[in-house]
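Thank you for letting me take a few minutes of the meeting. Please have a look at the sequence and the model on the screen, and then I will go through the parts one after another.

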Amino acid sequence: MNLAELERYARALMDREGLTDWTFGYDRARRRVGCCHHGPRKITLSRHLMERYPQDLAREVVIHEVAHALVGPDVHHGPAWRAQVLRLGGTPRVTAHPDAPRPNARWLGLCACGATFPRLNRPAGWRDVRCASCLEAGRGGHLTWRRVPEESPKDSPGDQLPLECSPLPTPRAT
């Protein structure tokens, strides 16, 4: 989505709801979509992900965070927060929409059996991470980690390398 357009939408919603002393901005997060910072009275969204999100999903994230700002820091995703999201015209969803783009993996674990394991960050203890299928079959299963070149969001769909590697075996630390 166009970030300037999304910022205008967020600011208009915040002003309409009386959050005129709150600020809005983008951050460099890759594992979360948005955040409501009650102390500094600021709502931030992931620049990386918002560039990939379609307009309807991006606006849902804004509504989610504005609802947090309205109900206060101790409410979390309880009934009062859900009621605010519904009142604002959103869907009270705690996690990202299943169809939402995922961040591109920055690391790729490669096993000799051909299995690949895309990850946002190289796992701690990466030298000991092994392919579970190979390990169970009595093979070594050690993974070789390779940094994935970062692509421009305009050149690459956000879900090219999903965060989860569902059809493949999961690596196991030994």
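In which sense do β2 and strand β3 pair, and over how many bridges? Before I answer, please keep in mind that this is a predicted model. The pairing of β2 with β3, which covers residues 42-46, is antiparallel and runs over four bridges. If you would like one position to look for on the screen, take Gly34, which stands opposite Leu45 in β3.

These two strands belong to an open sheet of three strands, and the order across that sheet is β1-β3-β2, with mixed pairing. At its edges are β1, residues 23-27, and β2, residues 34-37, each of which pairs on one side only. On average, neighbouring strands of this sheet are turned by 20° against each other, if we ignore direction.

Now let me add the helices. Helix α1, made of residues 3-16, lies across β1 and β3, and its direction is at about 150° to β1.

How do α1 and α3 meet? In general, two packed helices are described by the angle between their axes and the distance between the axes. For α1 and α3, the axes come within 10 Å and cross at roughly 35°, and the crossing is right-handed. On the side of α1, the residues in this contact are Glu5, Leu6, Tyr9, Ala10, Leu13 and Met14, and they meet Gln55, Ala58, Arg59, Val62, Ile63 and Val66 in α3. Sorted by class, the residues of this contact are nine nonpolar, one polar and two charged.

Helix α3 also brings us to the next topic, the largest pocket. As a reminder for anyone new to this, rolling a probe the size of a water molecule over the atoms shows where empty space is left. In this model the largest pocket holds about 420 Å³ of space. Its lining is made up of 23 residues, and those that lie nearest the centre are Val33, His64, Glu65, Arg93 and Val94. Which element gives the largest share of that lining? The answer is α3, with six residues, while β2 and α3, the latter spanning 55-71, each supply at least two. By class, the lining has nine nonpolar, 10 polar and four charged residues.

Let me finish with another sheet, further along the chain. Here, too, three strands form an open sheet, in the order β5-β4-β7, and the pairing is antiparallel. Because β5 and β7 stand at the edges with a single partner strand each, one side of each is left without a neighbour in the sheet. From one strand to the next, the twist averages 25°.

If we take the pairs one by one, β4, residues 107-110, and β5, residues 116-119, are antiparallel and share four bridges. Within this pair, Leu110 has Thr116 as its bridge partner, and Trp107 has Arg119. The hairpin of β4 and β5 has five residues between the strands, and in it Gly114 takes a positive phi near 105°. β4 is also joined by four bridges to β7, residues 144-147, again in the antiparallel sense, and there you can find Leu108 opposite Arg146.

That is the end of my tour, and I am happy to go back to any part of it on the screen.

Key. Residues numbered from 1 in each chain as written. Predicted model: local features only at pLDDT ≥ 70, side-chain atom pairs only at ≥ 80, totals over all residues. Heavy atoms only, no water. Pairing = 2+ DSSP bridges. Axes fitted to C-alpha atoms, helices over the stretch in contact; angles between N-to-C directions. Contact = heavy atoms within 4.5 Å. 1 Å grid on protein atoms, 1.4 Å probe; cavity = no way out; pocket = protein on both sides within 12 Å on 5 of 7 lines; lining within 4 Å. Points joined across faces, edges and corners; volume = space filled by probe spheres on them. Nonpolar A, V, L, I, M, F, W, Y, C, P; charged D, E, K, R; others polar. Left-handed = near helix turned anticlockwise from the far one by under 90°.
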